[in-house]
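Grab a pencil and open the model in your viewer. Below are some short exercises, each with a solution worked out step by step.

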Amino acid sequence: MTTLQLTFLIVVALIAQLAMFAAIAFYRQWQSFTDLKRQLAEWEGHQEGYVPQERKLPPPIKPLWLECREFQVQRKVVEDRNHTVCSFYLIPMDEKPLPSFKPGQYLTFQLDLEDADTRASKSLVRCYSLSDEPHLEYYRVTIKKVSAGKASSFFHDKVQAGDILQVKAPAGHFYLDTAGTGPIVLIGSGIGITPVLSMLNASLHQTPPREIWFYYGVRNGEEVIMKEHLNQLAKQHNHLHLYICYSQPTEQEVKGVDYHHAGRIDITLLRLTLPLKPHHFYVCGPKPMMETLVPDLRAWGVLDHYIHYEAFGPASLTKHEKSRSALGEEATTSAELTVTFSKSGKMFPWKKTATSLLEFAEDHGIAIDSGCRAGSCGTCMTPLESGEVEYHQRPDADLKPGNCLLCISVPKTNLTLKA
Ligand SMILES: Cc1cc2nc3c(=O)[nH]c(=O)nc-3n(C[C@H](O)[C@H](O)[C@H](O)COP(=O)(O)OP(=O)(O)OC[C@H]3O[C@@H](n4cnc5c(N)ncnc54)[C@H](O)[C@@H]3O)c2cc1C
Ligand code: FES
């Protein structure tokens with residue numbers, strides 16, 4: 001064989017090798033692309049391929065029991081170094097079976113508190129997420145004491161093991177679809193960890209195992225709760241990817257030992273750590289985080305019905321924007337609409353800038369009882385004598401016919417409210 005022939009053979013062999021590598025790389029890319037498409041199609045219930053759907057509000061959920069049921073506090077456990085977060089384990093007084101719930105749902109408490117000034121008893125309603133997976137023996141809620149907070153201070157300072165509390169059935173539309181098999185991303189910031197912790201604990205029992213990405217954000221080790229439990233779970237389950245994020249780690253705290261990421265949970269962290277797959281995102285945290293992270297997820301290309309979220313407290317602006325655009329609705333309120341409060345004998349022109357009828361009533365000095373201010377507890381339910389309202393989000397509370405929830409609604413037409 002001549003040198004020329006040998007060189008020719010070597011070049012041909014090299015080209016063949018390169019072509020083979022390129023073909024394998026292309027095949028792998030193609031496989032992951034079709035896998036992505038198949039998963040999307042499966043989750044949407046379409047065999048042919050993914051077809052975008054108009055977002056539909058979930059149907060109402062039937063409560064497991066009506067009105068309040070008595071629960072005894074079996075245990076009270078301090079969860080953090082600062083002593084500002086406590087868990088309460090609750091068992092039913094009637095000793096009847098404890099119904100299951102959907103991980104992510106909350107309990108509504110009807111509390112009787114003594115007014116510090118008048119010493120008169122005042123009823124107060126607050127919602128707290130169930131923070132553990134469903135158990136046969138108990139429900140667990142985990143409560144952060146907020147400064148000057150009436151209900152949270154009551155729980156921390158007054159409620160002890162043996163005390164009896166009035167509790168409404170688990171409710172809420174922010175819950176994990178435990179029948180799903182696709183990968184999930186659970187994001188909890190601060191006390192917003194509670195519903196996603198319930199989701200995490202429940203989803204680890206699913207078979208086949210589901211890929212779970214869990215991001216938990218706090219300032220530092222003073223605030224963190226359930227860290228040992230989370231680390232233990234991550235050790236036991238290699239399909240769980242845990243990111244404990246400290247926004248202000250102390251000098252003694254070491255990255256990789258005490259926490260995984262320095263900084264807040266944001267879209268950059270998610271983009272850097274998540275593989276390219278159609279994950280379902282479940283997010284719960286303070287309003288500022290929700291107001292940036294949720295739009296950032298959408299801007300990243302995550303479809304609306306893959307983003308599930310809940311904010312504790314007043315329904316946030318993000319929610320308003322989301323439900324309106326998702327429903328394809330235009331804001332129908334206008335400066336000409338009027339709201340009449342028949343019991344108070346007052347009428348005012350509706351202000352476009354008001355975020356809810358509750359806020360609007362309060363701004364005009366009309367006292368309306370409220371609890372969650374997020375459509376969950378039913379405290380602000382008010383008879384609607386005439387007109388129509390439009391909701392920012394589906395009410396979680398059991399809505400009686402002819403009534404409306406002022407905290408999550410705005411007028412659609414001129415209104416007369418019995419308030
Ligand atoms: C669906 C849902 C689930 C929830 N889950 C949880 C959970 O798992 N864990 C949890 O800890 N919380 C949870 N929350 C929040 C909880 O329901 C309460 O909102 C929270 O505990 C605060 O209630 P509070 O009565 O202690 O505070 P409030 O008395 O209602 O006060 C709220 C805030 O207003 C401030 N404030 C009150 N009075 C004044 C005043 N006169 N002047 C100035 N500021 C004032 C307080 O400092 C406080 O920051 C959830 C809420 C919802 C809607
Ligand atoms: S205040 Fe709870 S539903 Fe309106």
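## Exercise 1: Around the ligand

Ligand 1 lies between domain 1 (69-171) and domain 2 (184-312), because both give residues to the shell around it; the domain bounds come from an automatic or database domain assignment. Before you dig in, note that this is a predicted model, where local features need pLDDT of at least 70, side-chain atom pairs count only at pLDDT 80 or more, and totals for chains, interfaces and linings use all residues. Residues are numbered from 1 along each chain as its sequence is written, chains are lettered from A and ligands numbered from 1 in the order in which they are written, and side-chain values use heavy atoms, with hydrogens and water left out.

Task: work out how many residues surround ligand 1 and which elements supply them.

Solution.

- Step 1. Count the shell: 22 residues surround ligand 1, and C127, Y128, S147, A151 and S152 are the closest. A residue counts as near if one of its heavy atoms lies within 4 Å.
- Step 2. Sort the shell by kind: ten residues are nonpolar, eight polar and four charged. Here Ala, Val, Leu, Ile, Met, Phe, Trp, Tyr, Cys and Pro count as nonpolar, Asp, Glu, Lys and Arg as charged, and the others, Gly among them, as polar.
- Step 3. Look for the elements: at least two shell residues each come from β4 (121-129), β5 (139-144) and α2 (150-157). With four residues, β4 has the largest share. Helices (H or I, at least four residues) and strands (E, at least two) are DSSP runs, numbered from the N terminus.

## Exercise 2: Backbone atoms at the ligand

Task: which backbone atoms lie at 3.1 Å, 2.8 Å and 2.7 Å from atoms of ligand 1?

Solution.

- Step 1. Start with nitrogen: a backbone N or O atom of S129 is 3.1 Å from a nitrogen atom of ligand 1.
- Step 2. Go on to oxygen: a backbone N or O atom of K144 sits 2.8 Å from an oxygen atom of ligand 1. For A151, a backbone N or O atom is 2.7 Å from an oxygen atom of the ligand.
- Step 3. Check the cover: on its own, ligand 1 has 970 Å² of accessible area, and the protein covers 67% of that. Such areas come from the Shrake-Rupley method with a 1.4 Å probe; for residues, only the protein chains shown count as cover.

## Exercise 3: A parallel sheet

Task: trace the open sheet that holds β7 and find its edge strands.

Solution.

- Step 1. Write down the order: the six strands run β10-β9-β8-β7-β11-β12, with parallel pairing. Two strands pair if DSSP finds at least two bridges between them.
- Step 2. Find the edges: β10 (261-262) and β12 (307-310) each pair on one side only.
- Step 3. Zoom in on β7 (residues 184-189), where six of six residues are buried. Buried means under 20% relative accessible area, exposed over 50%, and partly exposed in between (1.4 Å probe, protein chains only).
- Step 4. Split β7 by direction: I184, L186 and G188 point one way, V185, I187 and S189 the other. That fits a general pattern: in a regular strand the side chains alternate between the two faces of the sheet.
- Step 5. Move to the neighbour: six bridges pair β7 with β8 (residues 212-218) in the parallel sense, and L186 stands opposite F214.
- Step 6. Finish at the far pair: β11 (residues 280-284) and β12 are joined by four bridges, with C284 and E310 as bridge partners.

## Exercise 4: Unusual backbone spots

Task: where do you find a cis peptide bond, and which residues other than glycine have a positive phi?

Solution.

- Step 1. Spot the cis bond: it joins T207 and P208, with omega about -5 degrees. P208 is in the loop between α3 (193-203) and β8.
- Step 2. Check R119: its phi is near 65 degrees, and it belongs to the loop between β3 (106-114) and β4. R119 is exposed, at 59% relative accessible area.
- Step 3. Do likewise for A148: phi is about 65 degrees, and the residue is in the loop between β5 and α2. A148 counts as exposed because its relative accessibility is 77%.

Methods. A polar contact is a pair of N or O atoms within 3.5 Å; within protein, one must be able to donate a hydrogen and the other to accept it, and residues adjacent in sequence count only if both atoms are side-chain atoms.
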